[in-house]
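Student: I should like to learn how the features of a structural model are read. May we work through one together?

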Amino acid sequence: MPATPRFRRVVRIGPVQVGTYYDGRGREKHTAACTAPRCGFSTDHDNRAAAELTARTHRCRVR
């Protein structure tokens, strides 16, 4: 069972949190995930700018 990633540089942009972690192969990855209940939106990116852009343009349909 893979270990849970340890996120660093976590920021909140609206309802979305963006965090950086190292994957199982030692590569840096970036995740954007909506924190609204029942939304379920999350994406993984290879660079931080893409993850932050995704967070800024996410339109949560749950609200």
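Tutor: Let us begin with a term: contact means heavy atoms within 4.5 Å. Please keep in mind throughout that this is a predicted model.

Student: With which residues is T54 in contact, leaving aside its neighbours within four places in sequence?

Tutor: T54 is in contact with F41, T43 and H45 once those neighbours are set aside. T54 itself belongs to helix α1, residues 48-57.

Student: Is T54 buried or exposed?

Tutor: The cut-off for buried is a relative accessible area under 20%. T54 has 17%, so it counts as buried.

Student: In what order do the elements of the chain run?

Tutor: One reads from the N terminus, and the order is β-β-β-β-α. The chain thus has four strands and one helix.

Student: How are β1 and β2 joined?

Tutor: Strand β1, residues 8-13, is antiparallel to β2, and four bridges join the two. One position to inspect is R8, which stands opposite T20 in β2. The hairpin of β1 and β2 has two residues between the strands, and G14 takes a positive phi near 65° there.

Student: How many bridges join β2 to β3?

Tutor: Seven bridges join β2 to strand β3, residues 28-34, and these two strands also run antiparallel. Here G19 has T31 in β3 as its bridge partner. Five residues lie between β2 and β3 in their hairpin, where G26 in the turn has a positive phi of about 85°.

Student: Why is strand β2 described as largely enclosed by the rest of the structure?

Tutor: The description rests on a count of buried residues: β2 covers residues 16-22, and five of its seven residues are buried, so the rest of the structure largely encloses this strand. For the chain as a whole, 33% of the 63 residues count as buried.

Student: How should a positive phi be read in a residue that is not a glycine?

Tutor: The general idea is that most residues other than glycine have a negative phi. In this structure R9 is not a glycine, yet its phi is positive, about 50°. R9 is found in strand β1 and is partly exposed, with a relative accessible area of 49%. A further case is R38, whose phi is near 65°. R38 lies in the loop between β3 and β4 and is exposed, with a relative accessible area of 75%.

Student: Which residue 40 positions along the chain from R12 should I compare with it in space?

Tutor: The residue is E52: the C-alpha atoms of R12 and E52 are separated by 9.5 Å. R12 has its place in strand β1. Leaving aside neighbours within four places in sequence, R12 is in contact with Q17 and T35.

Student: What radius of gyration does the chain have, and with what value does one compare it?

Tutor: One compares it with the value for a compact globule, which would be near 11 Å for 63 residues; the chain has 12 Å, which agrees. Along the principal axes, the C-alpha atoms fill a box of roughly 35 × 25 × 15 Å.

Student: How many positive and negative side chains does the chain have?

Tutor: There are 13 positive and 5 negative side chains, with the centres of the two sets 8 Å apart. As for the surface, the chain exposes about 4,700 Å², of which carbon and sulfur atoms supply 50%.

Terms used:
Residues numbered from 1 in each chain as written. Predicted model: local features only at pLDDT ≥ 70, side-chain atom pairs only at ≥ 80, totals over all residues. Heavy atoms only, no water. Rg over C-alpha atoms; globule rule 2.2 N^0.38 Å. Buried < 20%, exposed > 50% of the residue type's maximum accessible area, 1.4 Å probe, protein only. Areas by Shrake-Rupley, 256 points an atom, 1.4 Å probe, with all protein chains shown as cover. Lys, Arg positive; Asp, Glu negative; His and termini not counted. Charge placed at Lys NZ, Arg CZ, Asp CG, Glu CD. Pairing = 2+ DSSP bridges.
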